[in-house]
Amino acid sequence: MSLWYDESVNGGSSIVLILGWYGAHPKQLLRYSRWLTLEGYHVVRAIMPPKEVLGFDFQREKFVDRLLLKLYDHYTKKGFKTPLNVFVYCFSNGGALAYQKIIHK
């Protein structure tokens, strides 16, 4: 799994998780990430791989488990206090499928 971290230069304490659509490329999500970092948010971009979007439910759950663990590890090591203040911005089918699993955790 690949995550792309875009840190705010303003030192904000909120994190935005951008969940890309099926078939998205990291560069396509970068426009949204740049805008959010300028607004003071730390941004994490994630795209669920096609085999997990089209796969079984347990594969999506595994993806979300790894995603949340990496997100938590990255920001707690940076000194963020828990619970983390995370906003989710999801695109289309791939993002919505991941978000569905996140809210059921």
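**Exercise 1. How far apart are the mean positions of the positive and negative charges of the protein chain?**

Solution. The structure is a predicted model, and the charges are to be counted before their centres are compared. Step one is the count, which gives 14 positive and 8 negative charges in the protein chain. Step two takes the mean position of each set, and these two positions turn out to be 4 Å apart.

**Exercise 2. Describe the order of secondary structure elements and the overall dimensions of the chain.**

Solution. Begin with the inventory, which for the protein chain consists of four helices and four strands. Reading along the sequence then arranges these elements in the pattern β-β-α-β-α-α-β-α. For the dimensions, the C-alpha atoms fill a box of roughly 40 × 30 × 20 Å when it is taken along the principal axes. The radius of gyration of the protein chain is 13 Å, and this agrees with the value near 13 Å that a compact globule of 105 residues would have.

**Exercise 3. What share of the residues is buried, and what share of the accessible surface belongs to carbon and sulfur atoms?**

Solution. Of the 105 residues in the protein chain, 37% are buried. The accessible surface comes to about 6,300 Å², and carbon and sulfur atoms hold 56% of that area. A further step concerns contacts with a separation of 6 or more, of which 76% are accounted for by residues 24 or more positions apart.

**Exercise 4. Which elements supply at least two residues each to the largest nonpolar core?**

Solution. The largest nonpolar core has 16 residues, and Leu-17, Leu-19, Val-44 and Leu-67 are those with the most contacts inside it. At least two residues of this core come from each of strand E2 (14–19), strand E3 (42–46), helix H3 (57–77) and helix H4 (92–103). Helix H3 gives the largest share, namely five residues. Looking at one member in detail, and leaving aside residues up to four places away in sequence, Val-44 touches partners including Leu-3, Trp-4, Ile-15, Leu-17, Leu-71 and Tyr-75. Another core lies apart from the largest one and has eight residues, among them Ile-18, Ala-24, Leu-36 and Val-43.

**Exercise 5. Where does Ser-92 lie, and is Ser-92 buried or exposed?**

Solution. Ser-92 lies in helix H4. Its phi is near 45°, a positive value in a residue other than glycine. As background for this step, most residues other than glycine have a negative phi. The last step is the relative accessible area of Ser-92, which is 54%, and since exposed means over 50%, Ser-92 is exposed.

Definitions and conventions: Residues are numbered from 1 along each chain as its sequence is written. This is a predicted model: local features need pLDDT of at least 70, side-chain atom pairs count only at pLDDT 80 or more; totals for chains, interfaces and linings use all residues. Side-chain values use heavy atoms; hydrogens and water are left out. The radius of gyration is taken over C-alpha atoms; the globule rule is 2.2 Å times the number of residues to the power 0.38. Buried means under 20% relative accessible area, exposed over 50%, partly exposed in between (1.4 Å probe, protein chains only). Contact means heavy atoms within 4.5 Å. Accessible areas come from the Shrake-Rupley method with a 1.4 Å probe; for residues, only the protein chains shown count as cover. Lys and Arg count as positive and Asp and Glu as negative; His and the chain ends are not counted. The place of a charge is taken as NZ of Lys, CZ of Arg, CG of Asp or CD of Glu. A nonpolar core is a set of buried Ala, Val, Leu, Ile, Met, Phe, Trp, Tyr and Cys residues joined through side-chain atoms within 4.5 Å.
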